[in-house]
Amino acid sequence: MAWLTHIFTRFAITVSEWTGKPAIFVLALLSVILWGATGPIFAYSDTWQLVINTSTTIVTFLMVFLLQNAQTRDTRAIQAKLNELILTSAAENRFIGIENLDDEDLKHLDRLVEKAAKRHHERHAGDAGESVEHNRTVAAKSANKRKRRRTSGTASTRNQSNPAKS
């Protein structure tokens, strides 16, 4: 059974990558345009309408399962990477596995993190204010240098193009 799961996983990855390409969208769009163009030929019959309805329903039904498989696998991989980052950093280990909590527990944890962020911001507000002021000073000096370069560059260009005025 493991080999069947492996085959399905490979198939789901290939199909989801393939169907996400612009060329496939264009192909689907051209199919719809071609179907619409054949309307007058088939007198817009019920069978003509049934062709597009049935084909799009089948494709959509199958794609839901393939895309859900790919999304679930991607989410698991991201969670594993985040868990590894948490384990190897100074972050709290209680965040590992929170994706399995119910909504109420997640909301509670979100409120706790929000409170902690506010406390952190209040503790470091003075530091941030100083660094913001420092950044503004550096930006202003840089802007003044650029302005002086532009002005002096324009003046030297004028002097070179019209030597009689200098």
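Three helices share the lining of the largest pocket in this predicted model: α1 (2–19), α2 and α3 (46–87) each put in at least two residues. Of these, α2 gives the most, with 6 residues. The space inside comes to about 380 Å³. Fourteen is the number to keep in mind for the walls: 14 residues line the pocket, and the closest to its centre are Ile24, Leu27, Ala28, Ser31 and Val59. As for chemistry, the lining splits into 10 nonpolar and 4 polar residues, with no charged ones.

Now step back to the whole chain. There are 5 helices and 0 strands, so the run from the N terminus is simply α-α-α-α-α. Of the 166 residues, 10% count as buried. The mean pLDDT is 82, and 76% of the residues reach 70 or more. That confidence isn't spread evenly over the elements: helix α2 (residues 22–37) has the highest mean, 95, while helix α5 (residues 125–161) has the lowest, 59. It's handy that the helix with the highest mean pLDDT is also the one that gives the most to the pocket lining.

Stay with α2 and look at the aromatics. A search of the whole structure turns up 3 aromatic pairs. One of them is Trp35 with Trp48, a stacked pair with 4.0 Å from centre to centre and 5 degrees between the planes. The label "stacked" fits because planes under 30 degrees apart count that way. This pair links distant parts of the chain, with Trp35 sitting in helix α2 and Trp48 in helix α3, 13 residues apart. How buried or exposed are the two partners? Trp48 is buried, at 9% relative accessible area, and Trp35 is partly exposed, at 22%. The cut-off for buried is under 20%, so Trp35, with its 22%, falls in the partly exposed class.

The next pair sits within a single helix. Phe61 and Phe65 meet edge-to-face, 5.1 Å centre to centre, with 80 degrees between the planes. Why do these two come together along the chain as they do? They are 4 residues apart in helix α3, so about one helical turn separates them. Phe61 itself is exposed, at 51% relative accessibility.

Back at the tryptophans, there's a third member to bring in: ring pairs join Trp35, Tyr44 and Trp48 into a cluster. Where does Tyr44 come from? It lies in the loop between α2 and α3. Tyr44 counts as partly exposed, at 48% relative accessibility, and its backbone has a positive phi of about 50 degrees although it is not a glycine. Ala43 belongs to the loop between α2 and α3 too. Ala43 also has a positive phi, about 55 degrees, again without being a glycine. With 60% relative accessibility, Ala43 counts as exposed.

Last stop: charges. The structure holds 1 salt bridge, and you'll find it in helix α4 (residues 103–123). Glu114 pairs there with Lys118, and the closest N and O atoms are 4.0 Å apart. Glu114 and Lys118 are 4 residues apart, so they too are separated by about one helical turn. Glu114 is partly exposed, with a relative accessible area of 44%.

Technical notes: Residues numbered from 1 in each chain as written. Predicted model: local features only at pLDDT ≥ 70, side-chain atom pairs only at ≥ 80, totals over all residues. Heavy atoms only, no water. pLDDT = per-residue confidence, 0-100. 1 Å grid on protein atoms, 1.4 Å probe; cavity = no way out; pocket = protein on both sides within 12 Å on 5 of 7 lines; lining within 4 Å. Points joined across faces, edges and corners; volume = space filled by probe spheres on them. Nonpolar A, V, L, I, M, F, W, Y, C, P; charged D, E, K, R; others polar. Phe/Tyr/Trp six-rings, centres within 6.5 Å; stacked < 30°, edge-to-face > 60°. Buried < 20%, exposed > 50% of the residue type's maximum accessible area, 1.4 Å probe, protein only. Salt bridge = Lys/Arg side-chain N within 4 Å of Asp/Glu carboxyl O.
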